[in-house]
Structures are given as structure tokens and as C-alpha cells.
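Here's a quick tour of the model below, going from the sheet to the helices around it and then to a few backbone and cysteine details. Have the viewer open and follow along.

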Amino acid sequence: RMAAAPPSYCFVAFPPCSKDGLVVFGKNSARPRDEVQEVVYFAAAEHDPGSKVECTYIEIEQVPKTHAVVLSRPSWLWGAEMGANEHGVCVANEAVVTREPASESEALLGMDLVRLGLERGATAKEALDVIVALLEEHGQGGNYYEDGSSCHTFQSAFLIVDRNEAWILETSGKYWAAEKITEGVKCICNQLSLTTKIDAEHPELRNYVKSQGWWNEDSDFNFSEVFSLADGHLACCSGRESLEKQGGDVSAQAMIDVLRDKDSGVCVDSESFLTTASIVSVLPQDPSFPCIHYFTGTPDPSRSIFKPFIFVDDVKLVPKVQSPSFGNDDPAKKIPRFQEKPDRRHELYKAHEWARSLLENDQDKGQKLMRIMLDLEKQGLEAMEDILSRTEILDPAEVVDLFYDCVDTELKFFK
């Protein structure tokens, strides 16, 4: 039996469902409970002809220029669960199970494809084209978890968003289909969701499924019906109703509230899985305004705070949300892999563990701390709303330390 895919949720809301010409994107990353996720920034870079890039398991050709990216990623791997680039493209991935077993052979992980799409695509459609081309060339496969005792493999789905449109891309091996979204609210979770509205697809997709005997042209081609396991298909996305109820008012705060909701199942806290990190991005449709990306960098959004990041030149790095680096001694890089698990906790993660024990052991103190933290988050959200409602252009110097300062302030409260 295939292991269940971790129940992550990704959302996007477009006007008229969202506020004042904003596209709002969000994701909860559900992963193994003890996995540490870090927030990392990589500046735009130029690369020599013929250079290679070392992904989680394999090396591939590098491109001449990569865009600046900010990523939330499990700290043992190269790629990312979710992130954004300097052009206002956001990508999140979902592990999915299809009727085709995912490959255990080491290739690109869905999470590597998130980062590659962001580094190489200046629009959502470009990122999609990058991902499917790399899928065709290198395939997907390899262990999704830092686990030396067993190989957990999945197929991938992606939500790819920019200021104008979003694409839902779903894959099985190298085959894929995608749907374009420009209005309303969409959610993807850990199962296939595309049906008969397909706006782009692998050129051989239909021939392939006919050759497998999965579809015979008697009915409309329905991607998730053709590729899902017989019993596997449930209606997904309990969070969508909450966003639709906002009635044209989906904002960063509304998205955060949905991601924090444990009753709906969107905020996962189960025996095997936890929401180990979250992101919310606000992409103004007017390109003269900056995109704002909020990261927690810590598990369980219901007790974490969302801190804003804006792309500017020379943005200040934040080592306190970066895990220690083990270089070539990292057990994730040695074959056989994952023979031991190093301590990957970063400073903010450790501070959160302390806060969690406080919440569990001293309710009054814990509640008081949480109130202070949420107040800090609210100040950040209000300051960002102010930036998006100004008429004058943002001065980069004003936000170069933004994310750094928010993490620093959060740590000070824990002290």
C-alpha cells in the first residue's frame, strides 16, 4: 500500500474574491512532525556556460541567469516546499499519489522543481514551462523524506501564481496537465483536482493513457478520474469555503486565518504530520506596487507569526531562520543516504520549542506571550497595508532589513 501523501493545502484568491486588486496566495506545508523548515534567500546570479547545478539528488545543466528567490524548505534538501521570486512569481508543490507508482530512482524531487521554476521563470507560465521541460528531461523520483529506513515517493502537483494568473499543474511521471485560473478562489491539496478543463498538457498525454487502457475516448477526458487510484478521490479543500465566505475581502489576514484553522483540517497537527511552515503572499495586480511575502519559518501557524519579506537589492540575510550547514558531511549527501539525522534546528525554531513548552505548561504565561506575538504580527500587516496604499514609490532602504528585523523582534520576545 502506498503511504498517504502529506495533507498540505495551497490556496489562491483573485479579484473579485480578494481585496483591492490583490492576488493572495497561501500554503501550509504538512511534513513529518520533526522536520525543520528554514527560510532562505538566494540573490539573482549569472552562471558560466556549461556550469551545473547540484539539486537534491542529481546534477543538471545550469542556465545563464537565475532570478532572486526566497524559499521555505525542509533544511536537508536543495529545493523548496514553497517560495517566490523577484518577479512576483510564487510556486508551491503538493505530493500526490496517482495510479502510477512514483519512482524510487533518484531524479528531481517535486520540491526541486519548485525552486527551479522560481529561479528560471519570470511569469507563472514561464515557470510552468520550465518545470514540465525539466520533468521531460530528467524525470521525478527519490525519497521525499529524510528517512534512511524507507523510501517515500510521490508524484507532484503545483500551484504557480503571478500578478495576473495562476496555473494548477498536475503530474504523473513525466506526463502532465494544467489549468489556467484568473478569477475566484482555488485550492489544491494532496490529490489530483484537474477534471475536464485542461488548458495545456503533455503532447503525448492522451495517447499514453489510451495505450494503458485507462481511457477510450467514449467520455470527456477527465485528468483526475483517469489518473487517481479508484478509491482515492475525495472532495478536497475545506479551506476554500472559508475564503469564499469572505465575499470579496480575501486579504493577507483572511488567508492567515484559514491557514491557522485546525478544525477545518487545513492546519495539520496529527500523529505523523504537522504544518512545519507556512507562507502567504500578496501580489498587487498593479506592478508599481511591491509583492509582499509572509513566512513563519516555524511549525504550526496557530502558534507562529507571519513575518513580511519584500525583494529589494542587498536584502539583509537572516541567519537566525537558517539551519546549520553540514557541507559534504551532510548525511543527506552521502550514499547510502540518511544514515543519521543531524540537529537541523535554527535559532528561531529552538526559541519556538521553548515557547511551545511554555504554552503547554503555563497557560497564563503562554497565552500572554501569544497575545504579544499576534500584536507584533498585526503591526507588520498594518505597515505592509500602508505600503500598498501609498502613492509614492517604495524606498528600498526602508525594507532592506524588514524580514531580519521581524525575526529579531520575535526572538527578543522569546528571550
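## What you're looking at

Keep in mind that this is a predicted model. The stops on this tour are a sheet, a buried helix, a helix pair, one loop and the cysteines.

## The sheet

Let's start with the strands. Six of them make an open sheet, in the order β14-β1-β2-β16-β17-β18, and the pairing is antiparallel. At the edges sit β14 (185-188) and β18, each of which pairs on one side only. Going from one strand to the next, the twist averages 15 degrees. One helix that packs on this sheet is α10, which touches β17 and β18 and runs at about 160 degrees to the direction of β18.

Now zoom in on β17. It pairs with β16 in the antiparallel sense through four bridges, and the bridge between V282 and I292 links these two strands. β17 also pairs with β18 (residues 307-309), again antiparallel, over three bridges. There, F295 is found opposite K307 of β18. Which way do the side chains of β17 point? I292 and Y294 go one way, H293 and F295 go the other, and all of them are buried.

## A helix tucked inside

Next up is helix α6, which covers residues 252-259. Is it enclosed or open? Six of its eight residues are buried, so the rest of the structure largely encloses it. The buried ones are A252, A254, M255, I256, V258 and L259.

What covers the buried residues of α6? The cover includes the strands β1 (9-13), β2 (22-32), β16 (273-284) and β17 (292-295). Helices contribute too, among them α5 (239-245) and α8 (363-389). If you still have the sheet on screen, β1, β2, β16 and β17 are the strands that sit between β14 and β18 in its order.

## Two helices side by side

For any packed pair of helices, the usual descriptors are the angle between the axes and the distance between them. For α7 (residues 347-361) and α10 (residues 402-414), the angle is about 35 degrees and the axes are 10 Å apart. The crossing is left-handed.

On the α7 side, the contact is made by E347, L348, A351, H352, W354 and A355. On the α10 side, V407, E410, L411 and F414 take part. Sorted by class, that contact holds seven nonpolar residues, one polar and two charged. The spacing along α7 is worth a look: an α-helix has 3.6 residues a turn, so residues three or four places apart point the same way. And α10 is also the helix that touches β17 and β18 of the sheet.

## The loop between β18 and α7, and some backbone oddities

R344 belongs to the loop that links β18 and α7. Buried or exposed? R344 has a relative accessibility of 6%, so it counts as buried. Setting aside neighbours within four places in sequence, its contacts are V36, S75, W76, E146, S323, P324, F326, D330, P331 and A332.

As background for the rest, most residues other than glycine have a negative phi, and most peptide bonds are trans. In this same loop between β18 and α7 you'll find P336, and the bond from I335 to P336 is cis, with omega near -10 degrees. D314 lies there as well and has a positive phi, near 60 degrees. F338 is also in that loop, and its phi is near 60 degrees too. What about their exposure? D314 is exposed, with a relative accessible area of 70%, while F338 counts as buried at 9% relative accessibility. Elsewhere, P15 and P16 are joined by a cis peptide bond with omega of about 5 degrees, and P16 is in the loop between β1 and β2.

## Cysteines

How many disulfides turn up in a search of the whole structure? Zero. Take C17: the closest cysteine sulfur is that of C187, and at 14 Å it's too far for a bond. C291 isn't in a disulfide either, as its nearest cysteine sulfur, in C90, is 6.9 Å away. With a relative accessibility of 7%, C291 counts as buried.

Definitions and conventions. Residues are numbered from 1 along each chain as its sequence is written. This is a predicted model: local features need pLDDT of at least 70, side-chain atom pairs count only at pLDDT 80 or more; totals for chains, interfaces and linings use all residues. Side-chain values use heavy atoms; hydrogens and water are left out. Buried means under 20% relative accessible area, exposed over 50%, partly exposed in between (1.4 Å probe, protein chains only). Contact means heavy atoms within 4.5 Å. A disulfide is a pair of cysteine sulfur atoms within 2.5 Å. Axes are lines fitted to C-alpha atoms, for helices over the stretch in contact, and angles run from 0 to 180 degrees between N-to-C directions. A crossing is left-handed if the near helix is turned anticlockwise from the far one by less than a right angle, and right-handed if clockwise. Ala, Val, Leu, Ile, Met, Phe, Trp, Tyr, Cys and Pro count as nonpolar, Asp, Glu, Lys and Arg as charged, and the others, Gly among them, as polar. Two strands pair if DSSP finds at least two bridges between them.
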